[in-house]
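Trainee: Before I plan around a model like this, I would like to learn how to read it feature by feature. Could you take me through it slowly?

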Amino acid sequence: MVQLSAKDQLILDALTSGCVRTCARLISRIERGEPGLVELLRALYMAGGSEKIIGITGPPGAGKSSLVAKVIGVLRRRGNRVAVLAVDPSSPFTGGAILGDRLRMIGHATDPEVFIRSMASRGRLGGLAKKAGDVLTVLSAMPWDFIIVETVGTGQSETEIMHYAAVVVLVQTPMAGDDVQAAKAGINEISDIYVVNKSDHPDADRFRRQLEAMVGLGLRLEGDRLWRPPVVKTQSLVGEGVDELVDQIGQRFRTLAESPELSRQRFRHRLRHRVVEIVREMLERDIQSGNGMLPDSRLEPVLAREKDPYELAREFLSGGT
Amino acid sequence: MQVSERIKVIISMIGLDGHTMGAEVVARLLRDAGIEVVYLGVNQTPEMIVQAAMHEDVEAIGISSHASNYNQVVELVELLEKNDLKHVKVFCGGNIPKHKVVELKDKGIAEVFPPGSSGKKIVETFLNGTRGGKWSN
Amino acid sequence: MKRETDYGYEIKSVYTPEDIAGVDYGRDLGDPGVYPFTRGYYPEGYRSRMWTRRMTAGLGSSEDTNKVLKRYYRMGQRGGLCVISDRVFSDCIDPDHPLGRKEAGVLGWPGCSFLEFEEMMDDIPLTGHSITLLGSCAPTTLRLAYVVALAEKRGDEIGLIHGSVMESPFENYFGQTDVQPFDLNLKLFLDAAEYVLRNNIRMRACIISQHFQESGGNNAQAIAVELSMLKEIIGLLVNERGLEFDTAAKLPYELFSIGSRFFEEVAKMRALRRMWARLAKEEFGAKDDKSCHLLLSVHTSGRTMTYQQPLNNIVRCAIQTLAGVIGGCSALDNATLDNAHAEPSALAARMSLNTQHIVACETGAADVVDPLAGSYFVETLTNRIEEEAYKIYGKIQEFGGMIKALEAGYIQKMLTDEAIKKFQEIENGERLVVGVNHLVLPPGEDFEIPIQEVRGEDSEKIAHRMQEWKKTRNLPHLTEKIVQLYRDARKGDRFNLMPSIIDAVKSYATAGEVMGTIRMARGLSYDPFHIIECPFALDGEASAHAAA
Ligand SMILES: Nc1nc2c(ncn2[C@@H]2O[C@H](COP(=O)(O)OP(=O)(O)OP(=O)(O)O)[C@@H](O)[C@H]2O)c(=O)[nH]1
Ligand SMILES: [Mg+2]
């Protein structure tokens, strides 16, 4: 085991004792892709404890941020310390971004027991930011009772959140159109809890029934029992239904804790994905940089159509030349 | 005018002022210059903005003030300093009388943009003001 | 440089009879006073009724505002008074709220209690001129309650009072924000509207395009949005509150923002008169011709006033004032000189009113009705803007109306996109603004003007006064009225809260208290900013209610 530098040790200590300022700065270093963080991240991973990440996903404007704000409120009332990572899209043209999630959470803007960090997705599809994995490693090493991740509302491929969060909440609204979005993209399988937000809308009950019917179809076998994800109706502007949602989230965490095999299975799944992601990133770095592990000379045979890209990839992975 | 460094700033209103369009336009200009903008919207107190600045680890804060509440911008600067966030630059835009502009700059506001300021100048000021502000450990 | 209207219609170098060959005088214009009222509502125009010449007042304490109103009268304000409230009253919190403390009286009149209204109106009659109280939507019911309560106290017959104290909830989307939620604002707005209409109180509500346009919307969008707001609100009053259309049509007035593009501004006013008349008649089946009249007020455009070379604003304001008059307005307030710097100084206020008097007395513009009718150019512009506005209006209706279009974010996006486009047009020099991107002076050489100082210490004084005064009220009586209001507010959206708000206001409940109580009844926090707690024991009320 490599010894942490004194500086990193200070950071680690600060984080494990809950220093928000240190956390904020470290996240920036991660976002900037500063080199030399591997050891620190490793130490942070080791310091991380039980699973406490809640993923909130759903189409744009479904009310995810407003709902997160109310969930924080309920968790705080129950004595929990909460961290939030809120991801908004980057402009594909300029790399800039307008991060608007925090604006909905101003009710907690001066609460020292709440940490809210906005993050730009930086061209990454799937609703999360590229560096979200590392940031979650940092947050998980800190004494938060819950970590909430709000994804970009992509409407399509929010499945990525399941690779990070222990419990996934899918937020939808009656306005989203006639067909229940959950039917698409296998989202049925990723979500632990369904929320029908904007329940003040006249179509809310009809929508909820539709969703319940659909969820019923997607009854899942978990270990030795059948599991049917609950559907909760909320109105996130006034907080209606949010207590119930938080109860359901807590219930889900308990169920997972009570079925160690199931949670390990889910955990393994997430780890696999995380490793794939890290490998991909490493490879990308190694391959894309011109003077890296795939110099131009090795591309020549493919250019000349003596080899195809698959062949080169296989060679590369097996370490051959 | 694209930047490769991550530059992250806050754009916010302060106090009870509700004229949001200036802030929205500036937020878009900055985004289009490659900056990440945490948009806080209306009804922010200096305390709220300071906490946001700390959580988000931003390089600068832009306040749009169209309601003669620039005294609160001064409060913000003081509070940043108290919270060890002096490196965060504060810019302020809006219909601010000329003699107030001088006063605000004296009190630590990095730049003031009166109505009619060019977008180019605003973006450049943000870029120049933040480039040096990279945090190093 | 662009030669197109602000909504993008490319202007030709000359207009001829061909351009208006399709215009049918009877169908499209009509004489002044005749449907579709393109040319105005009165056959004699300003000869029969001069426009209300006023300046918006409100700064410092209520006593200060009272003094300003009296001064404006001496300066020649005629026909009505107009007061804008500060941000604290606009949000319906109180000056002694931690956030109110910093801004009470800063940008307007701190009207957070009936006492403040009494002080502001000291020695000023309620009748004989129009009473206009502006600010934002949230305090609508309070402003109305003040007027009703004061009339009662003074023994004025309520039917003799006229003016406007109600403001539509849509303004919240256009920069005239308050912190109260849209559904609450809408409910209270409808309560106030229903109350005045059922009790024959001649109070209007501003359902206006001004803020939309001042936030960056173009002329055609402004008309489309205006028409959509009118349709939505009047529709709700008819369908939800069960009023006759001809009754509901007495409610609205439009406040146009009039800029310097002279002919377009005139055309826009003419077009809206015609479009409203058609909507009233064809969609709502107006029986009374009067229901086809939409009262048009004019405010000169603040966003066109420049910070640089402020004296130039006098010229801009004069052009805009003339456009508003030629367009046929019924009231006009204008801001000149220092509009981009601060609240109007005494000099600026005098310049504003004088500008109106010069237009009224010296130009001859008030002698003849709709003087530009028949101009090839102006009639074309009238048709063009109507066409463009109908397109946007059609889109808004496709969403299911104004509220739905806002929920979908359509209006907000249209507005922001347009604001950015306008900003870039100036940035790129496609539109020239003297002193800003054309003929710029070095800052040192710019002319100086007097600036109205804002005194921060005034806010604290106002706050302190309220804090102390609150304790001197008849608290048992006040609490009784608050509890009644709370109970009524739990009776659902259709239960009209005006009577219980008037009662509460008469017992000197403050804006923060009234709104906080209603919020509590709706399951919201007492304080929209979550800083202070409800000073009344309403929780017991709530549980007693739940138990019952
Ligand atoms: N009527 C109603 N509106 C709601 C409710 N919850 C949220 N909204 C509104 O829906 C809009 C979007 O809310 P957000 O919380 O920003 O939604 P989001 O899913 O986080 O949006 P993105 O992050 O942009 O994808 C806002 O205007 C909210 O005020 C609700 O329960 N009822
Ligand atoms: Mg969001």
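Mentor: Gladly, and please keep in mind throughout that this is a predicted model. Let us begin with one residue: Asp101(A) has a relative accessible area of 6% and is therefore buried, the cut-off for that word being under 20%.

Trainee: Which residues coordinate the magnesium ion (ligand 2)?

Mentor: Asp101(A) is one of them, through OD, and it is joined by Ser65(A) through OG and Glu150(A) through OE, with distances of 2.0 to 2.2 Å. Ser65(A), at 7% relative accessibility, counts as buried as well. Read along the sequence, the donor residues follow the spacing S-x35-D-x48-E. Ser65(A) belongs to helix H4 (residues 64-77) of chain A, whereas Asp101(A) sits in the loop between strand S3 (97-99) and strand S4 (114-120), so the pair ties together parts that are 36 residues apart in sequence.

Trainee: What is the mean pLDDT of chain B?

Mentor: That score expresses the predictor's confidence in each residue, from 0 to 100. For chain B the mean is 88, and 91% of its residues reach 70 or more. Residues 133-137 of chain B, however, have a pLDDT below 50, although this stretch has ten contacts in the model beyond near neighbours in sequence.

Trainee: How does the radius of gyration of chain C agree with that of a compact globule?

Mentor: A compact globule of 548 residues would have a radius of gyration near 24 Å, and because chain C has 23 Å, the two agree. Along the principal axes, its C-alpha atoms fill a box of roughly 75 × 60 × 45 Å. Chain C contains 20 helices and nine strands, and 62% of its residues count as buried. Among its contacts between residues at least 6 apart in sequence, 76% join residues at least 24 apart.

Trainee: How should I read a single helix, and which residues of H12(C) are buried?

Mentor: The general idea is that an α-helix has 3.6 residues a turn, so residues three or four places apart point the same way. In H12(C), the buried residues include Ala348(C), Ser352(C), Thr355(C), Gln356(C) and Val359(C). The buried residues of this helix pack against strand S1 (52-54), helix H2 (62-74), helix H11 (312-327) and strand S9 (331-333) of chain C. Its length can be checked too: the 17 residues of helix H12 (residues 346-362) should span 24 Å at 1.5 Å a residue, and the end C-alpha atoms, 23 Å apart, agree with that. Just after H12(C), Gly364(C) adopts a positive phi of about 80 degrees.

Notes: Residues are numbered from 1 along each chain as its sequence is written. Chains are lettered from A and ligands numbered from 1 in the order in which they are written. This is a predicted model: local features need pLDDT of at least 70, side-chain atom pairs count only at pLDDT 80 or more; totals for chains, interfaces and linings use all residues. Side-chain values use heavy atoms; hydrogens and water are left out. Donors are N, O and S atoms within 2.8 Å of the metal (3.2 Å for Na, K and Ca); water is not among the atoms, so sites may look incomplete. Helices (H or I, at least four residues) and strands (E, at least two) are DSSP runs, numbered from the N terminus. Buried means under 20% relative accessible area, exposed over 50%, partly exposed in between (1.4 Å probe, protein chains only). Contact means heavy atoms within 4.5 Å. The radius of gyration is taken over C-alpha atoms; the globule rule is 2.2 Å times the number of residues to the power 0.38. The expected span of a helix is 1.5 Å times one less than its number of residues.
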